[in-house]
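Open the model in your viewer and keep the selection box handy. We will go stop by stop, and each stop says what to select and what to look for.

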Amino acid sequence: MSLLEIKGLGVTLGEHRALNHVDLSIDRGEIVTIVGPNGSGKSTLLKAIIGAVPTDAGTITRAKGLRIGYVPQKLHIDPALPMTVRRFLSLPKRRGTNEVRAALAEAGAPDLADRQMADLSGGQFQRVLLARAVLERPDLLLLDEATQGLDQIGSANFYRQIETLSAQTGCAVLMVSHELHVVMSASDRVVCLNGHVCCHGTPEIVASAPEYRALFGSGTQGALALYRHQHDHGHDDGNDPARAPELPRGHAHTPDCNHAAKHDDSIPEANQ
Ligand SMILES: Nc1ncnc2c1ncn2[C@@H]1O[C@H](COP(=O)(O)OP(=O)(O)OP(=O)(O)O)[C@@H](O)[C@H]1O
């Protein structure tokens, strides 16, 4: 069975219908990226998965004993508060020195344990947040725009680390990003969200889907060709409707997809 199976999910925040009829499943070891415009419900979906926002329709089925590691979009730490990385990683649960060092190494930041949190660069800070998630020994890692504020090389390095981590530990990854070409290149599967799932499939399929192009334009594909990663492991495609068996049709989209589903190369790629 999948690690996570979401069916017909609905979430309302205040008066706003943030998610409607969302279906998604994640299998062990796969890397799935959620893309979508601002306000399209990406963070809300991750929060629903960890139980941080209430759902009002559908189901979220987690594999028995599923451990989730969550890297939030933002985490504010008072810069006046003296705190080493080691101490930060030992809150709220006490962690041994070796455990902390191992998690930092897995997050690609082996030498940060004794640094002050306030002194870290943006990229180092994100790696510490990743180490914190790794400490949970997650089966599923959720990343919400984890490279916000990093330059393109920093982002690409961060996502390479995610790929390595996933390959080494077997954890699945579900991540949200606006850096379309970088993050899509590191993904096995991409889900384009706009309150509902507009289209889904391999990065190449999604980048050429009319629904995706209507939202983002068409320039991503060339970059994809440059960045696309190679991997030699397989994934069980199962029977989920949001998965590969539909791909021969070129792309898949939900019946309630009601935005402009047409090729429109004139839309600026504001999110790249
Ligand atoms: N507490 C709230 N009450 C009402 N509406 C909310 C609340 N929180 C979020 N929203 C709205 O829900 C929608 C989805 O928000 P969400 O943060 O999930 O979007 P997002 O796709 O992650 O956006 P971004 O790319 O800008 O981070 C947005 O329109 C947002 O304004």
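## First stop: a helix across a sheet

Select α1 together with the strands beneath the cursor: α1 lies across β3, β6 (140–144), β7 and β8 (189–193), and runs at about 150° to β6. Helices here are DSSP runs of H or I with at least four residues, strands are runs of E with at least two, and both are numbered from the N terminus. Axes are lines fitted to C-alpha atoms, for helices over the stretch in contact, and angles run from 0 to 180 degrees between N-to-C directions. Two residues are in contact if their C-beta atoms, placed from the backbone, lie within 7 Å.

Two notes before moving on. Residues are numbered from 1 along each chain as its sequence is written. The model is predicted, so local features need pLDDT of at least 70 and side-chain atom pairs count only at pLDDT 80 or more, while totals for chains, interfaces and linings use all residues.

Stay with α1 and colour by burial. Seven of the eight residues of α1 are buried, namely Lys42, Thr44, Leu45, Leu46, Lys47, Ala48 and Ile49. Buried means that 20 or more other C-beta atoms lie within 10 Å of a residue's own, exposed means 12 or fewer, and partly exposed is in between, with C-beta atoms placed from the backbone. Just after α1, click on glycine 51, which takes a positive phi of about 80°.

## Second stop: around the ligand

Which residues surround the ligand? Select Leu13, Gly14, His16, Ala18, Gly36, Asn38, Gly39, Ser40, Gly41, Lys42, Ser43 and Thr44 to see them. A residue is near a molecule if its C-beta atom, placed from the backbone, lies within 6 Å of it.

Colour this shell by element: β2 (16–26) and α1 (42–49) each supply at least two residues, and α1 gives the largest share, with three. By residue type, the shell divides into two nonpolar, nine polar and one charged. Here Ala, Val, Leu, Ile, Met, Phe, Trp, Tyr, Cys and Pro count as nonpolar, Asp, Glu, Lys and Arg as charged, and the others, Gly among them, as polar.

## Third stop: the six-stranded sheet

Now show the strands as a cartoon. Six of them form an open sheet in the order β5-β6-β7-β3-β8-β9, with mixed pairing. Strands count as paired if DSSP finds at least two bridges between them. At the edges are β5 (68–71) and β9 (197–201), each pairing on one side only. On average, neighbouring strands of this sheet are turned by 15° against each other, direction ignored.

Zoom in on β3 (residues 31–35) and β7 (residues 172–176), which run parallel and are joined by four bridges. Select valine 32 and look for its bridge partner in β7, leucine 174.

## Fourth stop: the three-stranded sheet

Next, select β2, β1 and β4: in that order, these three strands form an open sheet with antiparallel pairing. Because β2 and β4 (57–62) stand at the edges with a single partner strand each, one side of each is left without a neighbour in the sheet. Neighbouring strands are turned by 25° against each other on average, direction ignored.

β1 (residues 4–13) pairs with β4 over five bridges, and lysine 7 stands opposite threonine 59 in β4. On the other pairing, β1 and β2 share seven bridges, with valine 11 opposite leucine 19 in β2. The β1 and β2 hairpin has two residues between the strands, and glycine 14 takes a positive phi near 60° there.

Just before β1, pick leucine 3. Leucine 3 has 21 C-beta neighbours inside 10 Å and so counts as buried. Measure to alanine 63: the two are 60 residues apart in sequence but 4.9 Å apart in space, C-alpha to C-alpha.

## Last stop: helix α4

Select α4 (residues 122–134). Its 13 residues should span 18 Å at 1.5 Å a residue, and its end C-alpha atoms are 18 Å apart, which agrees; the expected span is 1.5 Å times one less than the number of residues. Ten of the 13 residues are buried, so α4 is largely enclosed by the rest of the structure. To see what covers those buried residues, show elements including β5, α2 (85–89), α3 (97–106), β6 and α5 (152–169).
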